[in-house]
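Me: Please take a close look at one loop glycine in the structure shown here, and set it in the context of the whole chain.

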Amino acid sequence: MATTVTSFSEIQGKFFEYIADIRYCTMITVDKRNRPRARVLLPIWEVVDGQPLGWLAAYKTPVKTAHLARNPHATFSYWSPRQNVVHVDTMSTWVDDPKVKRDIWDLYRKGSPATVGYDPITYWRGGPEDPEYHLLRMEPYRVQVVRGTDLFARIWQSDNA
């Protein structure tokens, strides 16, 4: 059974707690034949104006690019062996703004939440200006947080859901 919350702040604590514990998630997109495709990645998250906002430093692979060009909806799913779960349904778009790319580079280095992130220089030796460093902005329209001990679920939806 799930309870709907009206403000993201009602689940924000558990959202960040579970993501900090789990760290990696599965990103699911849909291909041109409406088949799901999953891959494991490490996005970071923040709250802007009371709303969750995700970022993914990534290589702009042909598959990911084609899927998102056709259908920008993507789901990010976290699971722990304790059965704690976070599902984040998003509209995901590539960002090319150099200032935003630098800011998110720094946020990855800092971690958001604190234990989630890494030094992107490991993958992109040219720093935030590396031509292979791309950034995906994930705007959630639905977030579900499930507590593993009793499967109590809470769901937040944006006004645009």
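Reply: The radius of gyration is taken here over C-alpha atoms, and the rule for a globule is 2.2 Å times the number of residues to the power 0.38. The model is a predicted one. For 161 residues, a compact globule would have a radius of gyration near 15 Å, and the 16 Å of the chain agrees with this. The C-alpha trace spans about 45 × 40 × 30 Å along its principal axes.

Within this fold there are 3 helices and 9 strands, arranged along the sequence as β-α-β-β-β-β-α-β-β-α-β-β. Among contacts with a separation of 6 or more, 69% join residues 24 or more positions apart. Of the 161 residues, 45% are buried.

The glycine in question is Gly-50, located in the loop that lies between strand S4 (44–48) and strand S5 (51–58). Its relative accessible area is 42%; because buried means under 20% and exposed means over 50%, Gly-50 is classed as partly exposed. Gly-50 also has a partner remote in sequence: Phe-8 is 42 residues apart from Gly-50 along the chain, yet their C-alpha atoms are separated by 6.7 Å.

As for the surface of the whole chain, about 8,600 Å² is exposed, with carbon and sulfur atoms supplying 52% of that area. The charged side chains comprise 21 positive and 18 negative ones, and the centres of these two sets lie 7 Å apart.

Conventions: Residues numbered from 1 in each chain as written. Predicted model: local features only at pLDDT ≥ 70, side-chain atom pairs only at ≥ 80, totals over all residues. Heavy atoms only, no water. Helix = DSSP H or I, 4+ residues; strand = E, 2+ residues; numbered from the N terminus. Buried < 20%, exposed > 50% of the residue type's maximum accessible area, 1.4 Å probe, protein only. Contact = heavy atoms within 4.5 Å. Areas by Shrake-Rupley, 256 points an atom, 1.4 Å probe, with all protein chains shown as cover. Lys, Arg positive; Asp, Glu negative; His and termini not counted. Charge placed at Lys NZ, Arg CZ, Asp CG, Glu CD.
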